[in-house]
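Subject: Structure for your review

Dear colleague,

Please find below the sequence and structure that I am handing over to you. A summary of the findings follows, and I would ask you to read it with the model open.

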Amino acid sequence: MEELEMQVELVENWIESNRLSELQDFLNEQNISDVEELIDELPEYAALFIETLNINRAVHVFSILDFPTQERIFKKLSAAKVRELINEMPPDDRTSFFSELKGDVVKHLIIMLSPEERKEALSLLGYPEDSVGRLMTPDYITVKPHWSITRVLEHIRRYGNASETIDVLYVIDSEGRLMDDIKIRDILISDLDTKVEDLIDSRLISLHANDPQEEAVNVFRMNNRVALPVVDEQGIMLGMVTIDDILWVANEEYTEDMQRIGGTEALDEPYLDVSIFHLVKKRGGWLIVLFLGQLLTFNVLEFYEDKLTTILVLLMPLIMSSGGNSGSQASTLIIQAMAMGEVTLRDWWLVMRREILSGFLLGLILGTLGFFRISVYQAFADAYGDAWLLYGFAIAFSLVGVVLWGSLVGSMLPFVLRRLGADPASSSAPFVSTLVDVTGLIIYFTVATLVLGDLVVS
């Protein structure tokens, strides 16, 4: 931290004294992550940093910035730098940036691209917004099965610099269909006269251009790859997706899920960049839904008004919180399991069986504690009179039922939403808690009525 503060002070001195050549030498020697930190510390000079960096490093720094920062910088760059930057950006990073911009701005920028880059950009932007096609780059190396290792190495030396990565090479047939992929390690340790076809192991894993990006994240996670090829319906290779792009998608998905689980719509920008009006809009919808849901609690209390005793009212928060908490736990666990690919729609029955058992056992534990609480208060304060035993059983049985019900609702709601085509993360903890609060009160008062009988009078 002290080093960063010293760098910030040094950079400010260079800028104030107009010693831009020293600033340029300094920035070009830093890691791109270090330059990104300087941009965070000195946002007013962000455009100057990009203008000052050599184009290769400027592209890499620009690519790791969040979109609001990219947009602010872009508005301050010279036209020449803008043209140079977008033409040098990797196709996948450029597509990601263009996807966030407004249509008119994108049209203007596409005109600034070279004919070849323009063709690539329009092709990638033609894929659905959240598809793998938007992530892929057409910059990769292909080889033919009849080539020798000697020819492959010559091919890499000639075209490798234009590829986003040479860690993996792709074997295609004469019609462009993908046959297999080969790690560069296998090329380097093989004899020079070895044929590519001798290295093929037929364990190909590929993505389809129209696959959801979330599915690509799971494929990468399960197969430990740094890059995967992208093909069309006929198996023709279209491009490849690299792990750096997948990490960005995974981070965005995680952030959106956490926001939805917390009971708000996903924010499109970093929290501090979101306007108050937009923040209220994102949060207000869910709060209104939850408020209307809580109004049902009033209706339940009104229905059971004649059967409420002071003791039952005082114990009510104990029941509501236990049911809501168990539902929120179950919902969060299932949403996370779905996101990780550990649970699919066909596993709903298995999940239900597990939650019935675990919910019952959890309810039994809390019910025992509830009964113990009644017993202790009765022993020391005679709080419940001669009916203390009945109150104890009413609380114990209610907790078993409410916790079991909360676990079932919390675990099954994500499956219902996924079946309907909605995001399971929308079954947020506050939503589940509100739903279980209302239904939990019905369970509580029904059980109390059955156990206490004539004692349940106002």
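**Overall picture**

The chain has 19 helices and six strands. Please bear in mind that this is a predicted model. The chain comprises 458 residues, of which 45% count as buried. If one takes the contacts between residues at least 6 apart in sequence, 67% of them join residues at least 24 apart.

**Two pairs of packed helices**

Two packed helices are described by the angle between their axes and the distance between the axes. Both quantities are given below for two pairs.

The first pair is helix α1 (residues 2-16) and helix α3 (residues 32-41), whose axes are 11 Å apart and whose packing angle is about 70 degrees. Because angles of 65 to 115 degrees count as roughly perpendicular, α1 is described as roughly perpendicular to α3. On the α1 side, the contact is made by Leu4, Gln7, Val8 and Val11, while α3 contributes Glu37, Leu38 and Glu41. Sorted by character, the residues of this contact are four nonpolar, one polar and two charged.

The second pair is helix α8 (residues 91-100) and helix α10 (residues 115-125); their axes come within 10 Å and cross at roughly 60 degrees. This angle makes α8 oblique to α10. The crossing of α8 and α10 is right-handed. Pro91, Arg94, Thr95, Phe98 and Ser99 of α8 meet Glu117, Glu120, Ala121, Leu124 and Leu125 of α10. The residues of the contact between α8 and α10 divide into five nonpolar, two polar and three charged.

**Two serines in contact**

Ser407 is found in helix α18 (residues 388-419), and Ser326 is found in helix α16 (residues 310-339). Are these serines buried or exposed? Ser407 has a relative accessibility of 2% and therefore counts as buried. Ser326, at 6% relative accessibility, also counts as buried.

Not counting residues up to four places away in sequence, Ser407 touches Ser326, Gly327, Ala330, Glu355 and Gly359. Seen from the other side, and leaving aside neighbours within four places in sequence, Ser326 is in contact with Val402, Val403, Gly406 and Ser407. The side chain of Ser326 also reaches the backbone oxygen of Gly323, at 2.9 Å. A further pair to locate is Ser407 and Asn325: they are 82 residues apart along the chain, and their C-alpha atoms are separated by 8.9 Å.

**A buried histidine**

Which backbone oxygen lies 3.3 Å from a polar atom of the side chain of His155? It is that of Thr142. His155 belongs to helix α11 (residues 149-159). With a relative accessibility of 18%, His155 counts as buried, because the cut-off for buried is under 20%. Leaving aside neighbours within four places in sequence, the contacts of His155 are Ile141, Thr142, Val143, Trp147 and Gly160.

**Helix α13 and the residue after it**

In helix α13 (residues 213-223), the buried residues include Gln213, Ala216, Val217, Asn218, Val219 and Phe220. An α-helix has 3.6 residues a turn, so residues three or four places apart point the same way. This is a useful point to keep in mind when viewing the helix. Asn224 follows α13, and its phi is positive, near 50 degrees.

Yours sincerely,

A colleague

Technical notes: Residues numbered from 1 in each chain as written. Predicted model: local features only at pLDDT ≥ 70, side-chain atom pairs only at ≥ 80, totals over all residues. Heavy atoms only, no water. Axes fitted to C-alpha atoms, helices over the stretch in contact; angles between N-to-C directions. Helix = DSSP H or I, 4+ residues; strand = E, 2+ residues; numbered from the N terminus. Parallel < 35°, antiparallel > 145°, perpendicular 65-115°, else oblique. Contact = heavy atoms within 4.5 Å. Nonpolar A, V, L, I, M, F, W, Y, C, P; charged D, E, K, R; others polar. Left-handed = near helix turned anticlockwise from the far one by under 90°. Buried < 20%, exposed > 50% of the residue type's maximum accessible area, 1.4 Å probe, protein only. Polar contact = N/O pair within 3.5 Å; in protein donor to acceptor, adjacent residues only side chain to side chain.
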